[in-house]
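These are my notebook entries on one protein chain. I set down what I looked up, entry by entry.

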Amino acid sequence: MPVEITWWGHATCTVADSGVRVLTDPLFARRLAHLRRRRGAVPPPEAWRADVALVSHLHADHLHVPSLQRLAPGTRLLVPRGARRAVPALNRLRGLLLTEVAPGDVVPVGDVTVRVVSARHDGRRLPVGPHRSPALGYVVEGEGRTYFAGDTGLFDAMRDEVGAVDVALLPVGGWGPYLGEGHLDAGRAAEALARLAPGSAVPVHYGTYWPIGMDAVRPHEFHAPGEEFVRLAAGRAPGVAVHRLGHGESVRLAAGR
């Protein structure tokens, strides 16, 4: 059974493996604070359907409570440890089966398991609040092994902690003209790809949201990261098949290696 990846925009993907639908960082908004969706339609109700949703960290473009409210009752929801305290609105979500997780945890969901790994990224609920939660990545293990990095910078233990994977969903950009510490741009994502050496990769977290009124500020940082990642990955990790998807597009990948 192949693994199917659908990219809905930003860090939101559906990973379908072994009859289980896994949804990453659900964000179904046309506008979020100062950000406007500039490319790709808002994901349709099909995108809201999942057996389990994974939240990588507490930033509002990854943990978006109004989007989580669209998930069907009974959906499993994995969030970083401490998220309930940092984001009290999570306690008002009715019908979702919420579990706080940390690196090293393993959660079975149907015929897949979700393994929680580290990320190098600010885990606070910005712009205010003293509470921290770990930023996370996840490895979905079923017929295939799919790594969702969330938001992260490079770190020395990435390969050892993530392990051997078939598919890597890697962030290659952001939502503004400058990327701070704890992010991958196209070049650093290509280096991560070389370290991980998966069979396939899909670039995410670019070309979707941009600050209102800043369309003319470094626009190449909005448009270019996906193509730049494809180009750089061909040099740094030539054995990896990179699939640059459009919003709402899917790719079916052979499971296992």
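Which residues have the most contacts inside the largest nonpolar core? I noted beforehand that the model is predicted.

**Entry 1: the cores**

I found that the largest nonpolar core has 51 residues. Those with the most contacts inside this core are Ile5, Tyr138, Tyr147, Leu170, Leu193 and Phe229. I then looked up the contribution of helix 5, which gives the most to this core, with 5 residues. A second, separate core has 22 residues, and I recorded Phe28, Ala47, Ala86 and Leu93 as included in it.

**Entry 2: helix 5**

I turned next to helix 5, which spans residues 186-196. Its residues Ala186, Ala189, Ala190, Ala192, Leu193 and Leu196 are buried. They lie on the same side of helix 5, because the arc they cover around the axis is only 155 degrees.

I asked what these buried residues pack against. I listed strand 12 (145-148), helix 4 (158-162), strand 13 (167-171), strand 14 (200-204), helix 7 (225-236) and strand 16 (241-242) as their packing partners.

For Leu193, I left aside the neighbours within four places in sequence. The remaining contacts of Leu193 are Ala168, Leu170, Pro198, Ala201, Phe229, Ala233, Ala237, Val240 and Val242.

I also inspected both ends of the helix. At the start of helix 5, Asp185 has a side-chain oxygen within 3.2 Å of the backbone nitrogen of Gly187. Just after helix 5, I found Ala197 with a positive phi of about 50 degrees.

**Entry 3: strand 14 and its partners**

How many residues of strand 14 are buried? I counted 5 of its 5 residues as buried. In a regular strand, side chains alternate between the two faces of the sheet. In strand 14 both faces are covered, with Ser200, Val202 and Val204 buried on one side and Ala201 and Pro203 buried on the other.

I looked up the pairing next. Strands of a sheet pair through backbone hydrogen bonds, in a parallel or an antiparallel sense. Strand 13 and strand 14 run parallel and are joined by 5 bridges. One of the partners I noted is Val202 in strand 14, which bridges to Leu169. Strand 14 also pairs with strand 16 in the parallel sense, over 2 bridges. There, Ala241 in strand 16 is the bridge partner of Ser200. I further recorded that strand 13, helix 5 and strand 14 form a β-α-β unit, and that this unit is right-handed.

**Entry 4: the sheet**

I then asked in what order the strands of the open sheet are arranged. This sheet has 7 strands in the order 9-10-11-12-13-14-16, and its pairing is mixed. Strand 9 (106-109) and strand 16 are the edge strands, each pairing on one side only. As an antiparallel case, I noted strand 10 (residues 112-118) and strand 11 (residues 136-141), which pair over 6 bridges. Val117 has Gly137 in strand 11 as its bridge partner.

**Entry 5: Thr24 and Asp25**

Is Thr24 buried or exposed? Its relative accessibility is 1%, so Thr24 counts as buried; the cut-off is under 20%. I placed Thr24 in strand 3 (residues 20-24). The side chain of Thr24 reaches the backbone oxygen of Ala11 at 2.8 Å. A polar atom of that Thr24 side chain also lies 2.9 Å from the backbone nitrogen of Cys13. Apart from neighbours within four places in sequence, Thr24 is in contact with Ala11, Thr12, Cys13, Leu54 and Phe148.

Asp25 is in the loop between strand 3 and strand 4 (31-32). I found Asp25 buried, with a relative accessible area of 0%. Its phi is near 35 degrees, a positive value in a residue other than glycine.

**Entry 6: two further loop residues**

I located Leu63 in the loop between strand 6 (52-54) and helix 2 (65-68). Leu63 is buried, with a relative accessible area of 0%. Not counting residues up to four places away in sequence, Leu63 touches Val55, His57, Leu58, Leu68, Val87, Leu90 and Arg125.

My last look-up was Arg218, in the loop between strand 15 (209-211) and helix 6 (220-223). Arg218 is not a glycine, although its phi is positive, at about 45 degrees. With a relative accessible area of 31%, Arg218 is partly exposed.

Technical notes
Residues are numbered from 1 along each chain as its sequence is written. This is a predicted model: local features need pLDDT of at least 70, side-chain atom pairs count only at pLDDT 80 or more; totals for chains, interfaces and linings use all residues. Side-chain values use heavy atoms; hydrogens and water are left out. Buried means under 20% relative accessible area, exposed over 50%, partly exposed in between (1.4 Å probe, protein chains only). Helices (H or I, at least four residues) and strands (E, at least two) are DSSP runs, numbered from the N terminus. The arc is that of the directions from the helix axis to the C-beta atoms. Contact means heavy atoms within 4.5 Å. A polar contact is a pair of N or O atoms within 3.5 Å; within protein, one must be able to donate a hydrogen and the other to accept it, and residues adjacent in sequence count only if both atoms are side-chain atoms. A nonpolar core is a set of buried Ala, Val, Leu, Ile, Met, Phe, Trp, Tyr and Cys residues joined through side-chain atoms within 4.5 Å. Two strands pair if DSSP finds at least two bridges between them. A crossover is right-handed if, with the strands pointing away from the viewer, the path from the first strand over the helix to the second runs clockwise.
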